[in-house]
Amino acid sequence: MDLTNCFIFFLLLTSLYFALTRKTPPKKHPPGSMGFPLIGQTLSFLHAMRTNSIEQWLLQRTSKYGPVSKLGLFGTPTVFVHGQSANKFIFTSDGNVLGNHQPPSFKRICGERNMTALIGDDHKRVRGALVSFLKPEMLKQYVGKMDEEVRNHVEMHWHGNQKVMVMPLMKTLTFNIMSSLIFGIEKGETRNNLIELLQHMMNGLMSLPINLPFTRFNRSLKASAQLRAFIKNLISERKAALEQRVADTRKDLIACLLGIGKTEPSIRMSDEEIVDNVIGVMIAGYDTSSVLITFLVRLLGMDRSVYDKIVQGKRMIQVRNMFDYRKMGEL
């Protein structure tokens with residue numbers, strides 16, 4: 001009996017030994033290096049972005065590791081894909097195969113309920129609410145505001161100057177228009193404070209996610225907290241004004257999103273979602289719009305034929321408007 005027990009105990013120990021020492025087959029990962037923990041390739045990536053050599057940086061990775069490689073960016077394991085087949089895979093895959101995923105640092109700055117961090121039904125619902133702000137009937141209400149902002153900007157910063165720095169001025173113009181359409185805030189001290197907060201947040205998104213005093217990421221988190229408090233106060237003000245019927249849902253983006261929640265419950269957004277996505281809209285539109293307008297101005301300055309066509313088109317619109325006014329007068 002004792003011999004049997006010893007034999008069984010020996011078999012158990014042997015099985016346990018082989019289970020613990022058995023080598024599991026390595027997981028199939030793309031080639032490449034993850035770099036140092038947390039840092040990864042973030043520093044070299046940021047350097048390439050700031051020196052306008054990001055294209056060369058990406059091509060070097062492709063030539064070294066091929067069209068698919070792994071790396072570490074902003075404290076997150078990342079896969080870099082390159083080429084036509086990779087683009088087709090990304091843009092044709094549904095949410096069951098490929099979903100949105102933002103680095104934790106992005107979520108800490110822009111919020112957990114930001115549209116770019118949502119998937120599935122939540123993503124569709126929030127996207128539907130935001131798109132409603134861009135419907136043609138809504139955009140017609142904002143043309144006057146945008147025209148006024150552009151005219152004031154040109155008069156203040158362009159007229160009488162022999163030389164201007166286009167990119168910084170386009171960022172100023174873009175932010176002024178966003179302040180008017182998103183918050184309903186006219187120029188003044190509040191706008192100046194907001195643009196400073198937004199700039200800190202933008203800097204934090206393109207930095208190492210190290211939350212220590214005096215780091216960009218730390219300043220970005222503080223700026224995000226201040227901007228959130230500001231937007232929450234605006235939401236409370238808009239709610240009170242809408243309930244008292246002294247404000248229009250077309251006044252700005254916040255009022256629009258609050259109004260949609262009542263008229264279309266299927267795409268209603270919580271206050272937290274409104275805060276996160278207002279921040280997302282600001283960050284998404286600030287750089288992209290200003291860069292696009294800068295390149296348009298550059299094209300007009302370097303290609304005379306394009307400039308002449310724009311002027312000709314504007315004159316045709318003016319003539320057509322004059323004709324329409326005369327026709328209305330006859331009626």
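**Exercise 1. How many helices and how many strands does the protein chain have?**

Solution. The model is a predicted one, and its protein chain contains 13 helices and 2 strands. As a next step, consider burial across the chain: of its 331 residues, 31% are buried. A further step looks at contacts between residues at least 6 apart in sequence, and of these, 61% join residues at least 24 apart.

**Exercise 2. Describe how helix α10 packs with helix α11, and decide which word fits the angle between them.**

Solution. Begin with the general principle that a pair of packed helices is described by the angle between the two axes together with the distance between them. Here helix α10 covers residues 216-243 and helix α11 covers residues 253-263, and their axes come within 10 Å and cross at roughly 55°. An angle that is neither under 35 degrees, nor over 145, nor from 65 to 115 counts as oblique, so α10 is oblique to α11. The crossing of these two helices is right-handed. Turning to the residues involved, α10 contributes I231, L234, I235, R238, K239, L242 and E243, which meet I254, A255, L258, G259 and K262 of α11. Sorted by character, the residues of this contact comprise 7 nonpolar, 1 polar and 4 charged.

**Exercise 3. Carry out the corresponding description for helix α7 and helix α8.**

Solution. Helix α7 (residues 136-157) and helix α8 (residues 166-183) have axes 10 Å apart, and the two pack at an angle of about 145°. The crossing of α7 with α8 is right-handed. On the α7 side the contact is made by Y142, K145, M146, E149, V150, H153 and H157, while on the α8 side it is made by L169, M170, T172, L173, N176, I177, S180 and L181. Counting by character, the contact of α7 with α8 holds 8 nonpolar, 5 polar and 2 charged residues.

**Exercise 4. Is F217 buried or exposed, and which residues does F217 touch?**

Solution. First locate the residue: F217 lies in helix α10. Its relative accessible area is 1%, and because buried means under 20%, F217 is buried. Leaving aside residues up to four places away in sequence, F217 touches S105, R108, I109, G204, S207, L208, P209, I210 and N211. Finally, compare sequence with space for one pair: F217 and L205 stand 12 residues apart in sequence, and their C-alpha atoms are 7.4 Å apart.

**Exercise 5. State how many disulfides the structure holds, and describe the burial of C110 and C256.**

Solution. The structure holds 0 disulfides. C110 is buried, with a relative accessible area of 0%, and C256 is buried as well, with a value of 5%.

How values were computed: Residues are numbered from 1 along each chain as its sequence is written. This is a predicted model: local features need pLDDT of at least 70, side-chain atom pairs count only at pLDDT 80 or more; totals for chains, interfaces and linings use all residues. Side-chain values use heavy atoms; hydrogens and water are left out. Axes are lines fitted to C-alpha atoms, for helices over the stretch in contact, and angles run from 0 to 180 degrees between N-to-C directions. Helices (H or I, at least four residues) and strands (E, at least two) are DSSP runs, numbered from the N terminus. A crossing is left-handed if the near helix is turned anticlockwise from the far one by less than a right angle, and right-handed if clockwise. Contact means heavy atoms within 4.5 Å. Ala, Val, Leu, Ile, Met, Phe, Trp, Tyr, Cys and Pro count as nonpolar, Asp, Glu, Lys and Arg as charged, and the others, Gly among them, as polar. A disulfide is a pair of cysteine sulfur atoms within 2.5 Å. Buried means under 20% relative accessible area, exposed over 50%, partly exposed in between (1.4 Å probe, protein chains only).
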